[in-house]
Structure formats: C-alpha cells, structure tokens
Amino acid sequence: MIWGIFKRDMCHATRNVIAVIVSMGLVVVPALYAWFNIAASWDPYGNTKALKVAVANNDKGYKSDLIPVRVNVGETIISTLHANDQLDWQFVKSDKAIDGVKSGEYYAAIVIPKGFSADMMTLFSPDIKHAQLKYYLNEKINPIAPHITDQGATTVVNTIDKTFAKTIAQVGLDLASSILHYSQSPQMAEYMRNLNGNLTTMADTLSGASQQVTSYSQLLGSANDIVDSTGKLLASATKAGKQAQNALKQGKSGATSLTSAGANVTSSVNTALDQVSGAFDQVAAKVNKAFDAIGKGSDTAASQLTALSEQVSSGESLYDTYITSLNHMRESVEQLPDSDSAKQALLEAIDREITLLEAAKGDSQKLAQQLKDASTQVTQDTAAAESSRKEILNRITSAKQSISNVRDDYATNVKPKIDALASTVSTLISQTDSMITQLSGTADGLDDVTGDVGTNVTSIRSTLGAIAKKLDSSAATVKELITKLETGGNAGDGNSDGGDGDNDADSGESDELRALATANASTLSTLISAPVALHRVSVYPIANYGSAMAPFYTILSIWVGAIILCAMLKVTISDREKAHVLGLGDTLPRIAGPSGPGNASRWGLRLDHEYFGRYAIFALLALLQGTLVCLGDTYFLGVQANHALQFLAVGWLAALVFSNIVYTLTVSFGDIGKAVAVVLLVMQVAGSGGTFPIETLPKFFQMLYPFLPFPHAIDAMHAAMAGSYGNEYLLDMVYLALFLIPSLLLGLVLRKPVIRLNNWVSRNLESTKVM
C-alpha cells in the first residue's frame, strides 16, 4: 500500500514540465537560502577595508627638560594608521570628523585631543593623568559595524601603548648611553673639579652657619630682661582694661535709659493727643449748646461758657506733660556721641515737635480767654453774641488743626527716628556686652603670655643648640663626600693598576652600564614595550568565519525546506487516489463514508499506510534538499569539511527528522501544524547557540536548549567539519534521531483522537471564506 501511494505520487510529480520545475524548485530553494547567507558571512571581518573611520589629530606634542626629546604621540598614530589597511581611515579635521559621524558618512571617528602627549608624559609627575582618545560612534547605521570599528579603535589604543612604552624605553637607553660616554669625557673631569670646589665652599658655609646659630642662642639668653619688662607692661595694660570695662558698663546703662525714655514717650503720645482732640470736639458741642440757650436765659449761657473756659484752661496741663516728656527725651539724645549720624536729626525733630506743642498750647489759652470774654458779653450785649460764637468756633477749629499738625509731625518725623534709635541702641547694647566679655577674657589671658614667653625662649635656645650640631654634622658629611669623589675619580682612571674591594664593585657596575648602553637600543625598547607575546594555539581550527557559520545556516535551510514542502505539497490523500491504489476504480464505494483519513481501512488501506505512503515523497525531496545543500557547501562554497561523508550524513539525518516533524504537525493539525512549525523555527533560530554561545542567552533559552533538534544537528555538523572529541559526533547523531520517536508517536498513535477535531477546525476556517 505504501509503495503504491509513493509510486502514484512520483508519477504525478513528473507528469509535466511545470510539475518537474516545481519539484526542482522545492529542492533548490533551501540550498540557495543557505548558500547566500554563508557566502555573505564568509569573511566579514576581512572585508572591512571599505568601512570609513575618520581620524583627527589635534595633538600639540610635548617636550620637557627631563626628557630632551620632542614627543608627539598623535603624529605617531597618524603615521601608523597610514600603513594600516584594516579600515578605510579618513584623515580629516575634528569638526568634519564629528559631523561625518552624525551624517552617516563615517561609521566612527577618533579625535586625538590637544594635550594627548602632555597627558601621557605625566607619568613622570606626581599628578598622573590618563590620556584619553575621543571616540565617536554612529550605532544606528548597522548593528555589526560598531563592533568592527570598536576593534579598530582597540587596535589604535594598543598601538599607542606600545609606541609610548617603546619611546620611553628608547629615550631612557639613549640617555644612559649618553651619560656613560659623557662621564668619560674631559668636560666631565673639569665638572668634577668644579664640583669638588663647590662642595668645599659648601662645607665652609655650613661651619659658618653653625657658629652663627650659636651666637643667636646667646643673644636670646640676654632677652630675659626684656621679657620681665614686658610682664610689667602687660600688668599695667590689664589695669587699663578693667577701667575700660567699667566705662563700657556705664555706657551700657546710659544706652538702656535712652531706649526706655524713647519707649515711654512713644506710648504716651497717641493717648495725650487723642484726649486733647476729643476735648475740643466736646467744647465745640457745648459752645453751640450755650449760645443756643441765650434766648432762654443769658445767665445760664454765661455760666456754661465760663465752665467751658475753665475746662479748656485745665487741658493745658496735658501740653505741659507732653513737652516735659520731650525734654527728657532730648536730654537722653544729647548723651549720644556726636559721631552718631541720627543724633542731630532726632534733636531737630524733637525741637520742632516742642514748638508745635507750644503753639497749640497758645491756641488753647486764647480759646479759654475768648470763652471767658463771651460769657461777659452774653449778659451785656445779646446782639454781639453771635459774632463771638463764630470766633470761638473758628478758634476751636484752629486749635484742633494745631493738634493735628502735632500728631502728623510726630508720626512723620519723630516716631520713625525714635524707633530707629531704639533699634540702633539695642544693637549697641548687644555689641557692648560682647566687647566687655571679650575684653575681660583678653585681660585674663594677658598674665599667661609673659610666662609662656619665658618658657619658649628656653625651648628656642635648646633647639638652636641642636641645629648647630646638625650643621656641624652636615659639614663633616660634605667633606667626606669630597674625599669619596676624589677617590672615585682616581679609581675610574683607566691607567690605575689596582684598588680596594669597593673600587672593584664600582668597576663591575660600570661594566654592566657600559654593556647596557652599547646594546641595540631599538631591540631593547621593543622588548620593553611588549614584553609578553600571545602565541595562539587553535584547537579544532575552523578555516574562516563562513565555515564557522555554515552549520547554522545549513541546518536552518533544511528546516525551511521542510516547511516549504508542506506548504506546496498535499499531506492528505484524496478518495480517488485511495481507490486507484486499492484497484477500485476512480471512486471508493459509498460505504467508505465521508472523505478523510482512515476511511478506506476496511479494504486494507490503514491510517499508517496513508501516513508513510504520502510521507515517502516528502522524505525523498527532503533528502535531495539535504544532499544538495551539503554538497554545495563543500564543493561550491569550499566550506571546511574534514570528514565530508560525516558532514553529508548529518544533512541526510537532519532532512529526515525535520521533514518528519513538520509533516506530522501538518498532517495532524492542518494549517495550525504549519504555524507551529514556523514557531519552532523562530525559537530555534534564537535558542540554538548557532550564532551566540548558549551561555549568553536568556535563562529561558538555556533551559529549552537540550529539547530542540537544531543544537544537536549543529554540534554534529561542527564535529564532522573540524573533528570530534571522543564519541561527540555519534552522540549528537543519536540525540537528533531520537526526535523521530515523539514525531512518529504523534503521527501514528496520537493522531487518531485529533482527526475529528482537525476536521472541525478546518470546516470552521473554510466557512470564513478567507482562511
């Protein structure tokens, strides 16, 4: 039955030219998918010469007295990069380099700052700075380009490090050689003689300084009398300080009384002025009442006016009280020092207030007299009463105006100055308290000073004596150095016949220095700049990046080929095909029931026959796909394959396993099974470890990794390409073959319960008229 189904499928697949072309396309398309990706990835890091990276050098160089060689690391970098073809280096100005990175003209830019060499040479100073290159990178252009340009930037940094170390070593060796040759020249001998003379002068100077220090110590001994006199002077200063303290306390008392007087006057002003103004209002009302009573009785009006006159006269005492308070305040202000800027202004304001009060008092006196005169006129001449009434009321108005003038002048001129004075006095009191306290503390500490001075003089004399001894010792050391220099000069004479052990040691050191200086400075500096070399030993070497990526893209293309087969070929067998295989003509008998899997089982065509019969053409085309892509990898692209037959065997096994899995999913679940196959493809692309190590992937993919077929197929293909460690290849092949077990279990056993479910899903999808 299986053979019959396969034979009819092959006849249908080769019946016409279109069918043959489509069949060939099903075999070729997956191979093209793999070959294009492998060829594109063949040597990506070897084809970076077209990647433009800008380099801008702003380095100003460096030169110092310590190393008399001009150092410009920036120029060295530019010279090195001119000979480097790893990237397409563009040597431009810094502004153009940065703008080019932003515009996408350059993938990256390296800018060497002005003080680059100077920062590198801080190695010889206490304040060491790290020299920094400015590296600009456009990361949006391409996801891989930043990593390639980063490698180029790292190469530049390594070049700088080696160049700098080599330069320093070269300079050091050159200096050592120059010093050695110079030490043997006649000029050096002359310098040594001059040095001996200078050292002798220095020794004499140190001895003289020791004698001077001794003289200073004796001079300080005679200073005790001065210290005693100073003690007496400080005692008298202490007494004067106490007198000053008493004077400050008195000043504090006067300032307090001034503040109190100002506060008392301020509190009484408004009360007094309000009482006087209110009294005048009452007087005006009573005057009108008295004159209104003239017609009723002259005697009554006269008595009322007399009473009002006496009332106004009694109010004059308020003016006297207020004037007295202002005079007290004036006396307090006069106690302030003449240097106080507020004193004169306040005195003038108080005098003006007193003048206004005296004028108001005069108006009150005149009002009282007019009221008294009016009382007499009322009894004698009634006709003149109305004229007196108007004069009295005008006088009352004038008196009230005087009171208003006093109040306004007080509020405008006197009160603000009194408040300011109170604030100033308060500050003065606080400062006076602090000054008194400080003066007291200073006076108390004066007695301790004279005693400390006497003690310090004794200590200084002791220190000067120790310094004199140190100077004598230094002079002796310099004289000893002169002796050694003279001895060393004689020992260094090439005509000398012998010497002691020290001379032999010095000679040995000179020989070592001479051997170092006469060596090849360039070779030594290169060794110092790169003392360690990395010797790379490849284990299971891969020829190139394309070969390394070939297993991933090959396995991926085989899975894609299996999906294409299920998308283009029918996975179910029609009733007409079943009838021809069974020899029943063009149709099955009606007893077979509706069309579907297993409906011809009563005539011997079981469900497993249908499964394997239709899968046979899928397996054949999948094997052709695997064969073509593996042979193309090996012989067309030249992918490394140390074991070509094993490489091909992995392709065959992967083709069978993948095609069976996709076929089973499709035959069991229909279009949903195809979608599941695509989901499995996406999961395996991300979690197979074909591009990035599985250890770098998220935890979910690390857990899923062993249960996917891709990793085992890729590992087996790697082993076939570069060699196998132990049974690595066989184990991966077994693991890959084990995926056939769950696939066949689903297709042959578990498929039966889901047939009706799959038919129901298919009917519902078809009813949408879209799916």
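**Local environments and helix packing in the predicted model**

In this predicted model, Asn 72 touches Asp 59, Lys 60, Gly 61 and Ser 117, leaving out residues up to four places away in sequence. Asn 72 is found in the loop that runs between β1 (52-57) and α3 (73-82), and, with a relative accessible area of 7%, Asn 72 is counted as buried because this value is under 20%. At the start of α3, a side-chain oxygen of Asn 72 comes to within 3.2 Å of the backbone nitrogen of Gly 74.

Helix α3 itself has buried residues at Val 73, Gly 74, Ile 77, Ile 78 and Leu 81. Viewed down the axis of α3, these buried residues fall within an arc of 140°, so they line one face of the helix. An α-helix has 3.6 residues a turn, so residues three or four places apart point the same way. On the other side of α3, Ser 79 and His 82 are exposed.

The largest nonpolar core comprises 61 residues, and those with the most contacts inside it are Ile 555, Trp 559, Phe 618, Phe 658 and Tyr 663. Two or more residues are given to this core by each of α1 (2-13), α2 (17-40), α15 (545-568), α17 (607-637), α18, α19, α21 (709-722) and α22 (728-737). For Ile 555, the contacts beyond four places in sequence are with Ala 654, Phe 658, Phe 710, Ala 713, Ile 714 and Met 717. Apart from the largest core lies another, of 17 residues, among them Tyr 322, Ile 323, Met 329 and Val 333. In soluble globular proteins, nonpolar side chains tend to be buried together.

Two of the helices that contribute to the largest core, α18 and α19, also pack against each other. Helix α18 (residues 644-669) and helix α19 (residues 671-687) do so at an angle of about 150°, and their axes are 6 Å apart. On the α18 side, the residues involved are Val 662, Leu 665, Thr 666 and Phe 669, which meet Asp 671, Ile 672, Gly 673, Lys 674, Val 676, Ala 677 and Leu 680 in α19. Sorted by class, this contact of α18 with α19 has seven nonpolar, two polar and two charged residues.

The loop between α18 and α19 holds Gly 670, which counts as buried at 16% relative accessibility because the value is under 20%. When neighbours within four places in sequence are left aside, Gly 670 is in contact with Leu 665 and Asn 758. The C-alpha atoms of Gly 670 and Asn 759 are separated by 8.8 Å, although these residues are 89 residues apart along the chain.

Helix α16 (residues 575-582) has Asp 575, Glu 577, Lys 578, Ala 579 and Leu 582 as its buried residues, and the elements that cover them include α1 and α17. Just after α16, Gly 583 adopts a positive phi of about 75°. A positive phi, of about 55°, is also found at Tyr 540, although Tyr 540 is not a glycine. Tyr 540 lies in the loop between α14 (521-529) and α15, and at 38% relative accessibility Tyr 540 counts as partly exposed.

Terms used
Residues are numbered from 1 along each chain as its sequence is written. This is a predicted model: local features need pLDDT of at least 70, side-chain atom pairs count only at pLDDT 80 or more; totals for chains, interfaces and linings use all residues. Side-chain values use heavy atoms; hydrogens and water are left out. Helices (H or I, at least four residues) and strands (E, at least two) are DSSP runs, numbered from the N terminus. Buried means under 20% relative accessible area, exposed over 50%, partly exposed in between (1.4 Å probe, protein chains only). Contact means heavy atoms within 4.5 Å. Axes are lines fitted to C-alpha atoms, for helices over the stretch in contact, and angles run from 0 to 180 degrees between N-to-C directions. Ala, Val, Leu, Ile, Met, Phe, Trp, Tyr, Cys and Pro count as nonpolar, Asp, Glu, Lys and Arg as charged, and the others, Gly among them, as polar. The arc is that of the directions from the helix axis to the C-beta atoms. A polar contact is a pair of N or O atoms within 3.5 Å; within protein, one must be able to donate a hydrogen and the other to accept it, and residues adjacent in sequence count only if both atoms are side-chain atoms. A nonpolar core is a set of buried Ala, Val, Leu, Ile, Met, Phe, Trp, Tyr and Cys residues joined through side-chain atoms within 4.5 Å.
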